[in-house]
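User: I would like to learn how to read the features of a model like this one, taking them one at a time. Could we go through it together, with the general idea before each case where there is one?

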Amino acid sequence: MTTLTLVRGDITRQTADAIVNAANSSLLGGGGVDGAIHRRGGPAILEECRKLRASRYGKGLPTGRAVATTAGDLDAHWVIHTVGPVFSSTEDRSDLLASCHRESLRVADELGARTVAFPAISTGAYRWPLRAAARIALETVRNTPTDVEEVRFVLFDQSAYDAFAAQIR
Ligand code: ADP
């Protein structure tokens, strides 16, 4: 049984086995959650990301996929980097957003992580409407078989929190 919880706050302040990063495919840092994770987590995370770019992910991490690194100075064992889709009003990219959540849980299971904190992937710079993103995130986590015991969505502002809370029922 996986317990779903919602908290409002900064994901870099969470204690969890794994913290999910809303990364971009370069894996070399960015704004939003990504910037905050690298700032607080320190250089060890970027160092591992660079190694991934030099080996398995020469062209970057594809959208919808996930890969783990150390969590550096964060209060976690791992950061799971996943690349959300940019929202499009002309193309339905819901499957890719669902895939981010499925793949992150798959990586968490491989690692043996039992508590995983997720941000609201794609709802910042990638402009996904909060209600739709919350529905996809919650449905996917509910429907993905996993050994993760707690999936915690960490919502940065009240509107994101409200969007998730309205659909968690
Ligand atoms: P994306 O590029 O996938 O849209 P962003 O990092 O721009 O990723 O935004 C994703 C969501 O994370 C947004 O709802 C944003 O408000 C939120 N966010 C930004 N910083 C943090 C943080 N430190 N902790 C948790 N959520 C955050």
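User: In which loop is the place of Arg 93?

Analyst: Bear in mind throughout that this is a predicted model. Arg 93 sits in the loop that runs between strand 4 (78-83) and helix 3 (94-111).

User: What is Arg 93 in contact with, leaving aside its neighbours within four places in sequence?

Analyst: With those neighbours set aside, Arg 93 is in contact with Pro 85, Val 86, Phe 87, Ser 88 and Trp 128. Closer along the chain, the side chain of Arg 93 also makes a polar contact with the side chain of Glu 91, at 2.9 Å. As for its surroundings, Arg 93 has a relative accessible area of 24% and is therefore partly exposed, since that class begins where buried, under 20%, ends. The C-alpha atoms of Arg 93 and Tyr 126 are separated by 12 Å, and these two residues are 33 apart along the chain.

User: Where is Ser 122 found, and is Ser 122 buried or exposed?

Analyst: Ser 122 is found in the loop between strand 5 (115-118) and helix 4 (130-143), and it counts as buried because its relative accessibility is 5%. Not counting residues up to four places away in sequence, Ser 122 touches Gly 84, Pro 85, Leu 97, Arg 127 and Trp 128. Pro 85 and Trp 128 thus appear in the contact lists of both Arg 93 and Ser 122.

User: What should I note about the backbone of Arg 127?

Analyst: Phi of Arg 127 is near 65°, a positive value in a residue other than glycine. Arg 127 lies in the loop between strand 5 and helix 4, and with a relative accessibility of 53% it counts as exposed. Leu 27 also has a positive phi, near 60°, and is likewise a residue other than glycine. Leu 27, however, has its place in the loop between strand 2 and helix 1, and it is buried, with a relative accessible area of 3%.

User: How many disulfides does the count come to, and why is there no bond from the sulfur of Cys 49?

Analyst: A disulfide is a covalent bond between the sulfur atoms of two cysteines. Here the count comes to zero. The cut-off for a pair of sulfur atoms is 2.5 Å, whereas the cysteine sulfur closest to that of Cys 49, in Cys 100, is 15 Å away, which is too far for a bond. Seen from the other side, the sulfur of Cys 100 has its closest cysteine sulfur in Cys 49, again at 15 Å and too far for a bond. Cys 49 counts as buried at 0% relative accessibility, and Cys 100 is also buried, at 0%.

User: How much space lies in the largest pocket, and which residues lie nearest its centre?

Analyst: Rolling a probe the size of a water molecule over the atoms shows where empty space is left. In this model the largest pocket holds about 560 Å³ of space. Its lining is made up of 28 residues, and those nearest its centre are Ala 22, Gly 32, Val 33, Ala 120 and Gly 124.

User: Which elements each supply at least two residues of that lining, and how do the lining residues divide?

Analyst: At least two residues come from each of strand 2 (18-23), helix 1 (32-41), strand 6 (150-155) and helix 5 (158-168). Helix 1 gives the most, with four residues. By type, the lining residues divide into 15 nonpolar, 10 polar and three charged.

Conventions
Residues are numbered from 1 along each chain as its sequence is written. This is a predicted model: local features need pLDDT of at least 70, side-chain atom pairs count only at pLDDT 80 or more; totals for chains, interfaces and linings use all residues. Side-chain values use heavy atoms; hydrogens and water are left out. On a 1 Å grid over the protein atoms alone, a cavity is a set of points where a 1.4 Å probe fits but cannot get out, and a pocket is an open set with protein on both sides within 12 Å along at least five of seven lines; lining residues have an atom within 4 Å of a point. Grid points are joined across faces, edges and corners, and a volume is the space filled by probe spheres set on the points. Ala, Val, Leu, Ile, Met, Phe, Trp, Tyr, Cys and Pro count as nonpolar, Asp, Glu, Lys and Arg as charged, and the others, Gly among them, as polar. Buried means under 20% relative accessible area, exposed over 50%, partly exposed in between (1.4 Å probe, protein chains only). Contact means heavy atoms within 4.5 Å. A polar contact is a pair of N or O atoms within 3.5 Å; within protein, one must be able to donate a hydrogen and the other to accept it, and residues adjacent in sequence count only if both atoms are side-chain atoms.
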